[in-house]
Amino acid sequence: MNKHYIQKGRKTQKMKTRDKILRSTQKLLEKNKGISLEDVAKEADISRATIYRYYSSIDVLAAEAVLDLNTKSSEDLYDEVAGKDLEEAILSMQDYYNQLTIDNESGFRKYMSVVLNNDQSDKMRGARRKKSLMMLLENKAQQMSAEDKENLANIATVLMGVEAFVVTKDVCGLNNEDSKKLLNWGLEKLLESILK
């Protein structure tokens, strides 16, 4: 997804359009036939120009749409952890995203490969981890400055999900369980120092 386009102007409306594109892609993929960006634009009832503002490749769009089926929305995840204290809620989010990575690792790796090999200069994925964390921090960390919330959401995002697993498994040689433990330990230590 084109990050630069999403960040300019009516962000909420653009995210709704992105979601509409993903839903339309999923519907077409269920029919088990080859699809194009033009097919998705027609299904989503948007122009060809609009879809190209969001995705320049059907491969990137299809890979993201498949993974999107298995992932809770930021709102649903927030609702699940809202009753916990801030540290426990952040760690619960980490656990959710790390388990999601383990359960869908090959799909996430394939998606990363498609995105990284795409010639699009501004690559942006769904960014659910950060969105989920920012929702949590906005509601549970009112005493934090906006800059501190942004920094905490960014660094916590680094310690969860497929990118973290690529490093812990491929570079550090850890298995799934040891990767989860290490990433959890790192986030716990970080939160202890930030949230005292």
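**Entry 1. A pocket**

What volume does the second largest pocket have? I looked it up in this predicted model and found a volume of about 220 Å³. I then listed the lining, which consists of 14 residues. D59, A62, A63, V66 and K110 are the ones closest to the centre of the pocket.

Which helices supply at least two residues each to this lining? I noted α5, residues 58–69, and α8, residues 105–117. The largest share comes from α5, with 6 residues. By class, I recorded 9 nonpolar, 2 polar and 3 charged residues in the lining.

**Entry 2. Helix α8**

I turned next to α8, since this helix contributes to the pocket lining. I counted 13 residues in α8 and took its span from first C-alpha to last as 18 Å. That span is close to the 18 Å expected at 1.5 Å a residue.

Which residues of α8 are buried? I entered E105, F108, Y111, M112 and V115. These residues lie on the same side of α8, because they cover an arc of only 130 degrees around the axis. An α-helix has 3.6 residues a turn, so residues three or four places apart point the same way.

I then checked the other side of α8, where S106, K110 and N117 are exposed. I marked K110 for a second reason: this residue is among those closest to the centre of the second largest pocket.

**Entry 3. The aromatic pair**

How many aromatic pairs does the structure hold? I found 1. Y96 and Y97 form this pair, with an edge-to-face arrangement. I noted 5.0 Å from centre to centre and 70 degrees between the planes. I assign the edge-to-face label because planes over 60 degrees apart count as such. Both Y96 and Y97 are buried.

**Entry 4. Helix α3 and the loop after it**

I located K42 in helix α3, which covers residues 37–44. Is K42 buried or exposed? I recorded K42 as exposed, with a relative accessible area of 73%. For a distance, I took K42 and I21, whose C-alpha atoms are 9.9 Å apart in space. In sequence, K42 and I21 are 21 residues apart.

I then moved to D45, in the loop between α3 and α4 (48–54). D45 has a positive phi of about 60 degrees, although this residue is not a glycine. I also looked up the accessibility of D45, which is 66% in relative terms, and D45 therefore counts as exposed.

**Entry 5. Helix α10**

I examined three residues of α10, beginning with N154. N154 is partly exposed, with a relative accessible area of 31%. Where does N154 stand with respect to K130? The two residues are 24 apart in sequence, and I read 6.6 Å between their C-alpha atoms.

I155 lies in α10 as well, a helix that runs over residues 146–158. I entered a relative accessible area of 36% for I155, which is partly exposed. From I155 to E105 I noted 21 Å, C-alpha to C-alpha, with their positions 50 residues apart in sequence. E105 had already appeared in my list of buried residues of α8.

V158 was the last residue I looked up in α10. At 52% relative accessibility, V158 counts as exposed, because the cut-off for that class is over 50%. I chose R10 as the partner for a distance, and V158 and R10 are 148 residues apart along the chain. Their C-alpha atoms are separated by 27 Å.

Conventions: Residues are numbered from 1 along each chain as its sequence is written. This is a predicted model: local features need pLDDT of at least 70, side-chain atom pairs count only at pLDDT 80 or more; totals for chains, interfaces and linings use all residues. Side-chain values use heavy atoms; hydrogens and water are left out. On a 1 Å grid over the protein atoms alone, a cavity is a set of points where a 1.4 Å probe fits but cannot get out, and a pocket is an open set with protein on both sides within 12 Å along at least five of seven lines; lining residues have an atom within 4 Å of a point. Grid points are joined across faces, edges and corners, and a volume is the space filled by probe spheres set on the points. Helices (H or I, at least four residues) and strands (E, at least two) are DSSP runs, numbered from the N terminus. Ala, Val, Leu, Ile, Met, Phe, Trp, Tyr, Cys and Pro count as nonpolar, Asp, Glu, Lys and Arg as charged, and the others, Gly among them, as polar. Buried means under 20% relative accessible area, exposed over 50%, partly exposed in between (1.4 Å probe, protein chains only). Rings of Phe, Tyr and Trp (its six-membered ring) pair if their centres lie within 6.5 Å; planes under 30 degrees apart count as stacked, over 60 as edge-to-face and the rest as tilted. The expected span of a helix is 1.5 Å times one less than its number of residues. The arc is that of the directions from the helix axis to the C-beta atoms.
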